[in-house]
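Here is a friendly note on where the empty space sits in this model and what surrounds it. Please keep the structure open as you read.

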Amino acid sequence: LVQRIGAVHLKAKIAAWRYERGTRSLAQNLLAVGSADTGDSRAVADGEEEYDVPEIIEEILELVFAALKDKDTIVRWSAAKGIGRITGRLPKDLADDVISNLLTCFSLQESDASWHGGCLALAELGRRGLLLPARLREVIPIVTKALSYDFKKGKISIGASVRDAGCYVCWSFARAYDPREILPYVQDIAVALVITALFDREINCRRAASAAFQENVGRQGVFPHGIEIVTKADFFAVGNRTDTYLKLSVDIARFPEYTHALINHLVDVKACHWDSALREVASQALHQFTLLDPDYIVDRIFDRVLSRSTEIDMNARHGNLLSLGELTHALSITAERKQMNLTDVLGKEKLAELHDVVPKFLRMNSHKGPFGEMFRCAVCSLIQSFLWHRFPFTDNRFSMCGSR
């Protein structure tokens, strides 16, 4: 009601400064992967009519921005629509101030409701051509952060709605902008959507990311290996979380534009995730990625996982212990295939640090306490990877494993 009152006080007209994509053709998009030229697009500001904006509009916008952070989803959705309607009737300078104010909704101090409402508003502005291409440099990093927004609050997870709204923003941008405008941000958007489609905890977010990626491939035509990925990670294929982690991700990681990003996400995010089920399946996925690119694992990943296996944070310690066992197992298999031993692959220093992980774990008394069973299972998995490949221990490293 408030935003409709604001619309009454403004002239009903189409903003002359809005962005217009121009002609669109799916066939032309797919043929223009190299040139990204799919027709004329323009953002026109010439000849804009000057007129006074009533002071009441400022008060109305304050109320609408407050509603954008409301606890109810339907209120935030209505507020996002209202921001689009009002901004479309404002002069360019005032509309730019509205967008600047909107971007303040995405600070880390804001709630998930603020992020969700802000994403809906960005999608609405982009869909109406009111978010000019010059703003994409500020907006795209926010959208990629929204796609990975995931926190635990008490005993519940928050952030699924934000990630889903982030996918909606990517979907709307695919329809709104010419490929030439999106081209500088293609890699960031593509990687973020693929990670969400493969590794997100919620099935609706994985499917939303898959749909957004498919829309971008069709509308933009510049996403790397877009057709191949769409055929593998379609709406139904991403429904099974185990398959996305252990099968689809490995297939997509064969494309070099995504390999290292997928590995880094598993190590930095999913191996430290608050959900133990995700930590376990992420460690199993790292086993597959190690067989795919062992050199990158040894050079960039192994030391990182090794150092985090004794962290104070319980989730990080557990996930990295599991990952360390899977990495060790996979590297041993790789060494055997090359007719080498693990010392040749890792080096003596890394192998010595690996041997000391279990004694350090025991000295920290992590095997005791309410979460001791979880940690004991992780350490037993690590020891199993040692014994499978007959590590050359010079002393009894595990003499305390059966003690309390």
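1. Helix 10 is the main contributor to the lining of the largest cavity, giving three residues; helices here are DSSP runs (H or I, at least four residues) numbered from the N terminus. Helix 10 and helix 11 (203-219) each supply at least two residues of that lining. A cavity is a set of points on a 1 Å grid over the protein atoms alone where a 1.4 Å probe fits but cannot get out, and lining residues have an atom within 4 Å of a point.

2. Please bear in mind that this is a predicted model: local features need pLDDT of at least 70, side-chain atom pairs count only at pLDDT 80 or more, and totals for chains, interfaces and linings use all residues. Residues are numbered from 1 along each chain as its sequence is written, and side-chain values use heavy atoms, leaving out hydrogens and water.

3. The largest cavity holds about 50 Å³ of space, a volume being the space filled by probe spheres set on grid points joined across faces, edges and corners. Its lining is made up of Val194, Ala197, Leu198, Ser210, Phe213, Ile229, Ala233 and Ile252.

4. Phe213 and Ile252 also appear among the residues that touch the most other members of the largest nonpolar core, which has 114 residues. Such a core is a set of buried (under 20% relative accessible area, 1.4 Å probe, protein chains only) Ala, Val, Leu, Ile, Met, Phe, Trp, Tyr and Cys residues joined through side-chain atoms within 4.5 Å. Helix 10 gives the most to this core as well, with eleven residues.

Terms used:
Buried < 20%, exposed > 50% of the residue type's maximum accessible area, 1.4 Å probe, protein only. 1 Å grid on protein atoms, 1.4 Å probe; cavity = no way out; pocket = protein on both sides within 12 Å on 5 of 7 lines; lining within 4 Å.
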